[in-house]
Amino acid sequence: MSKNCPDLVVFRLCIIGRYRPDPETGEPMDEGFGAIVMNCKKLTRLAVSGLLTDRAFDYIGRYGKLIRTLSVAFAGNTDMALKYVLEGCPNLQKLEIRDSPFGDGALRSGLHHYYNMRFLWMSSCRLTRQACQEVARALPHLVLEVIGYDEERNVDDSVEILYMYRSLDGPRDDAPNFVTIL
């Protein structure tokens, strides 16, 4: 597909199910997504899911220079994956991540890039409230919302949802009680 459609601007492949490998080979789908970003030079929006290792994210960071929107679900294996993307995609504006193993190190790796982005959404990842607070202190002109965090029930400091965004007006003043603005 990548060789026959080099002018693709948007590519979205949503695999239903967590960490599903290539059904033919049983292997991660790194090379397939790598081929998409290598051969489709005009790609601005990419949605990935399935069994992908850090190698796929290395390809995205190396070859996805025009990517503005990236959606990730059930993919990646270490914090390095997100670091590859944040360091390699200078035009990245919107990053949505869910059900992926990225943690505090991955969040911290984007400090140099977050001011250039419109938003970052991370849900069901491996984030802690402490790391979110560190990022909020380091980037005071961004708004960081921790959604669904309950200090009384949360004994391990984990964060279910982080939403970080730019705002000319500052943090909102109508946040419901399950949203904490850092």
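Trainee: Which strands each supply at least two residues of the lining of the largest pocket?

Mentor: In this predicted model, the strands in question are β2 (45-49), β3 (69-73) and β4 (94-98).

Trainee: What makes up the lining of the largest pocket, by class?

Mentor: The lining has 11 nonpolar, 2 polar and 3 charged residues. It comprises 16 residues, and those nearest the centre of the pocket are Arg 12, Cys 14, Ser 71, Ala 73 and Arg 98. Arginine counts as charged, cysteine and alanine as nonpolar, and serine as polar. The volume of this pocket is about 190 Å³.

Trainee: Why is Ala 138 called partly exposed?

Mentor: Its relative accessible area is 43%. Buried requires a value under 20% and exposed a value over 50%; Ala 138 meets neither condition and is therefore partly exposed.

Trainee: Where is Ala 138 found, and how far apart in space are Ala 138 and Arg 108?

Mentor: Ala 138 belongs to helix α5, which covers residues 129-138. Its C-alpha lies 9.8 Å from that of Arg 108, with the two residues 30 apart in sequence.

Trainee: Which residues of α5 are buried, and how do you know on which side of α5 they lie?

Mentor: The buried residues are Arg 129, Ala 131, Cys 132, Val 135 and Ala 136. Around the helix axis they cover an arc of only 160°, so they are on the same side of α5.

Trainee: Against which elements do the buried residues of α5 pack?

Mentor: They pack against α4 (104-108) and against the strands β5 (119-128), β6 (142-147), β7 (158-166) and β8 (179-181).

Note on methods: Residues are numbered from 1 along each chain as its sequence is written. This is a predicted model: local features need pLDDT of at least 70, side-chain atom pairs count only at pLDDT 80 or more; totals for chains, interfaces and linings use all residues. Side-chain values use heavy atoms; hydrogens and water are left out. On a 1 Å grid over the protein atoms alone, a cavity is a set of points where a 1.4 Å probe fits but cannot get out, and a pocket is an open set with protein on both sides within 12 Å along at least five of seven lines; lining residues have an atom within 4 Å of a point. Grid points are joined across faces, edges and corners, and a volume is the space filled by probe spheres set on the points. Helices (H or I, at least four residues) and strands (E, at least two) are DSSP runs, numbered from the N terminus. Buried means under 20% relative accessible area, exposed over 50%, partly exposed in between (1.4 Å probe, protein chains only). The arc is that of the directions from the helix axis to the C-beta atoms. Contact means heavy atoms within 4.5 Å.
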